[in-house]
Each structure stands twice: as C-alpha cells, then as structure tokens.
Amino acid sequence: MANILILDDSNDLLNVFKIILEINGYEAKTADTKNKFLWELENHKPDLIFLDINVGDADGRELCKNLKQKEETKHIPVILISASRDKLESFEDCHADDIIEKPFSIKDIKQKIESLLIKS
C-alpha cells in the first residue's frame, strides 16, 4: 500500500483527499501547515506527495524545489495543486512531477497517482 502525504490549508479538502485515497487502497497522511508537513515527511516517508501551492505559511513550489534538491527526497513524486492556473504553469521550475487544478475529479487524481507510482 502506497503512503501519500497531502499538504493543504483547507481541512475540508484534506478530508476529501484522505477519503478518496483510502477508498482506493492508499494510506493517506495530511498536513495543514509547513511544520506538520515536515514532521509527516520525516516520520512517514511518503511514496507520493500532493502540495497545495498556497498554504498559509508556505509556498508549495518552494517546498517542492527543496524536496527535489535533497538526495533523500528527490525521488518522491510531487503533484502540485492549485485553483490558479497561472501559478501551476510554473510547475516545471520547481521540478514537480505533475499538477492538478482545482476543482479536480477523482478520476484525474487516481490516474496521476497510478502513473507516477509506476514510474518511481
């Protein structure tokens, strides 16, 4: 079972993600702040990460860039999520593996996860 970590400042969205992922056989850990995200990252070693671009105390693009520069985390696929298409257009600059624009479909989430987990 793959372990997926989600960072978003919306608890409603985190709950929806968690339910979707668990129904589809994944273990889901959630974080609504940068500090909680870093704790979960260290303690649960995710197989894939979803990062919201705009989190109250962090920029998901910067977190992604930092993850991709570190030897111990650069292999973890990262999917950026945002309601702003303009912000998602720069996803390659931070070396994210994929993007999801809000609102999203369950089908899109499943396809992106399956595709990235097969590659890694």
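Trainee: What is the strand order of the open sheet, and is the pairing parallel or antiparallel?

Mentor: The open sheet has five strands in the order β2-β1-β3-β6-β7, and the pairing is parallel. Bear in mind that this is a predicted model.

Trainee: Which strands stand at the edges?

Mentor: β2 (27-31) and β7 (98-101) do; each has a single partner strand, so one side of each is left without a neighbour in the sheet. As for twist, neighbouring strands of this sheet are turned by 20° against each other on average, direction ignored.

Trainee: How many bridges join β1 to β3?

Mentor: Four bridges link β1 (residues 3-7) with β3 (residues 48-52), and the two strands run parallel. To place one residue in that pairing, take Ile-4, whose bridge partner in β3 is Leu-48.

Trainee: Now the helices. Where do α1 and α5 stand relative to each other?

Mentor: Two packed helices are described by the angle between their axes and the distance between the axes. Here, the axes of α1 (residues 11-23) and α5 (residues 106-119) come within 11 Å and cross at roughly 60°. That angle makes α1 oblique to α5.

Trainee: Is the crossing of α1 and α5 left-handed or right-handed?

Mentor: The crossing of these two helices, α1 and α5, is right-handed.

Trainee: Next, empty space. What volume does the largest pocket have?

Mentor: Rolling a probe the size of a water molecule over the atoms shows where empty space is left. In this model, the largest pocket has a volume of about 280 Å³. Its lining consists of 14 residues, of which Leu-41, Glu-42, Leu-67, Glu-72 and Thr-73 are the closest to the pocket centre.

Trainee: Which elements give two or more residues to the lining of the largest pocket?

Mentor: Those elements are α2 (34-44) and α3 (60-69). The largest share, four residues, comes from α2.

Trainee: How many residues of the lining are nonpolar, polar and charged?

Mentor: Seven are nonpolar, three are polar and four are charged.

Trainee: Let us turn to the backbone. Which residues does a cis peptide bond join?

Mentor: A cis peptide bond joins Lys-102 and Pro-103, with omega at about -5°. Pro-103 belongs to the loop between β7 and α5.

Trainee: Is phi of Lys-45 positive or negative?

Mentor: Phi of Lys-45 is positive, near 40°, and this residue is not a glycine. Lys-45 is found in the loop between α2 and β3. To tie this to the earlier points, α2 gives four residues to the lining of the largest pocket, and β3 is joined to β1 by four bridges.

Methods
Residues numbered from 1 in each chain as written. Predicted model: local features only at pLDDT ≥ 70, side-chain atom pairs only at ≥ 80, totals over all residues. Heavy atoms only, no water. Pairing = 2+ DSSP bridges. Axes fitted to C-alpha atoms, helices over the stretch in contact; angles between N-to-C directions. 1 Å grid on protein atoms, 1.4 Å probe; cavity = no way out; pocket = protein on both sides within 12 Å on 5 of 7 lines; lining within 4 Å. Points joined across faces, edges and corners; volume = space filled by probe spheres on them. Nonpolar A, V, L, I, M, F, W, Y, C, P; charged D, E, K, R; others polar. Parallel < 35°, antiparallel > 145°, perpendicular 65-115°, else oblique. Left-handed = near helix turned anticlockwise from the far one by under 90°.
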